[in-house]
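The exercises below each set a task and then work through a solution step by step. Please keep the sequence and the model open while you read.

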Amino acid sequence: MGILDAILGNAAETDAQEIQLELQQLLAPGETVRAAYAVIRDLLVFTSKRLILVDKQGVTGKKREYLSIPYRSIERFSMETTGHFDLDAEIKIWVRGQTEPISKTFRNDKNIHDVYRVLSEFAL
């Protein structure tokens with residue numbers, strides 16, 4: 001279910017310990033992965049100190065961009081759920097110093113509420 005959800009664009013919760021090992025070189029001393037969600041090939045990783053957005057690029061996904069957002073820099077965020085004709089759900093995150101939000105699209109509402117709840121827990 002998790003892998004299929006991620007491929008279809010649904011947010012699938014990923015094993016935090018597995019992501020902790022994968023991002024070990026990037027994490028600060030004492031920083032731990034609290035929750036992680038896969039959306040297609042990308043990851044939203046909530047650590048004890050920041051939100052890390054992992055953008056896997058290219059055909060193989062070997063090339064990656066890591067965007068680190070300290071929770072204190074998140075000014076506001078929103079969630080748009082699906083409708084009858086619009087089947088995409090979306091989370092937008094406004095970061096201090098940027099005029100445009102960071103936007104992540106989900107194929108349905110299935111786990112977007114979980115992602116929003118975790119974002120609320122760490123950013124508020």
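## Exercise 1: aromatic pairs

A search of the whole structure finds four aromatic pairs, where rings of Phe, Tyr and Trp (its six-membered ring) pair if their centres lie within 6.5 Å, and where planes under 30 degrees apart count as stacked, over 60 as edge-to-face and the rest as tilted. This is a predicted model, in which local features need pLDDT of at least 70 and side-chain atom pairs count only at pLDDT 80 or more, whereas totals for chains, interfaces and linings use all residues. Residues are numbered from 1 along each chain as its sequence is written, and side-chain values use heavy atoms, with hydrogens and water left out.

Task: describe the geometry of the pair Tyr 37 and Phe 46 and of the pair Tyr 71 and Phe 122.

Step 1. The rings of Tyr 37 and Phe 46 are edge-to-face, at 6.4 Å centre to centre and with 85° between the planes. Both Tyr 37 and Phe 46 are buried, a word that means under 20% relative accessible area, as against exposed for over 50% and partly exposed in between (1.4 Å probe, protein chains only).

Step 2. Tyr 71 and Phe 122 are stacked, with 5.2 Å centre to centre and 15° between the planes. Because Tyr 71 lies in the loop between β5 (63-70) and β6 (74-80) while Phe 122 lies in helix α3 (residues 112-123), the pair ties together parts that are 51 residues apart in sequence. Helices (H or I, at least four residues) and strands (E, at least two) are DSSP runs, numbered from the N terminus.

Step 3. Tyr 71 and Phe 122 are buried, and Tyr 37, Phe 46, Tyr 71 and Phe 122 form one aromatic cluster.

## Exercise 2: the open sheet

Task: work out the strand order of the open sheet of three strands, and state which strands stand at its edges.

Step 1. The order is β6-β7-β8, with antiparallel pairing; two strands pair if DSSP finds at least two bridges between them. Since β6 and β8 (102-106) stand at the edges with a single partner strand each, one side of each is left without a neighbour in the sheet.

Step 2. From one strand to the next the twist averages 10°, with axes taken as lines fitted to C-alpha atoms, for helices over the stretch in contact, and angles running from 0 to 180 degrees between N-to-C directions.

Step 3. β6 and strand β7 (residues 89-95) pair in the antiparallel sense over six bridges, and Phe 77 has Ile 93 as its bridge partner in β7. Helix α3 packs on the sheet and touches β6, β7 and β8, its direction making about 165° with that of β6; contact here means heavy atoms within 4.5 Å.

## Exercise 3: the surroundings of two residues

Task: is Thr 47 buried or exposed, and is Glu 80 buried or partly exposed?

Step 1. Thr 47, which lies in strand β3 (residues 42-47), is buried, with a relative accessible area of 0%. Leaving aside neighbours within four places in sequence, the contacts of Thr 47 include Leu 27, Ile 52, Tyr 71 and Phe 122, and the latter two also belong to the aromatic cluster.

Step 2. Glu 80, found in strand β6, is partly exposed, with a relative accessible area of 38%. Not counting residues up to four places away in sequence, Glu 80 touches Asp 86, Ala 89, Glu 90 and Ile 112.
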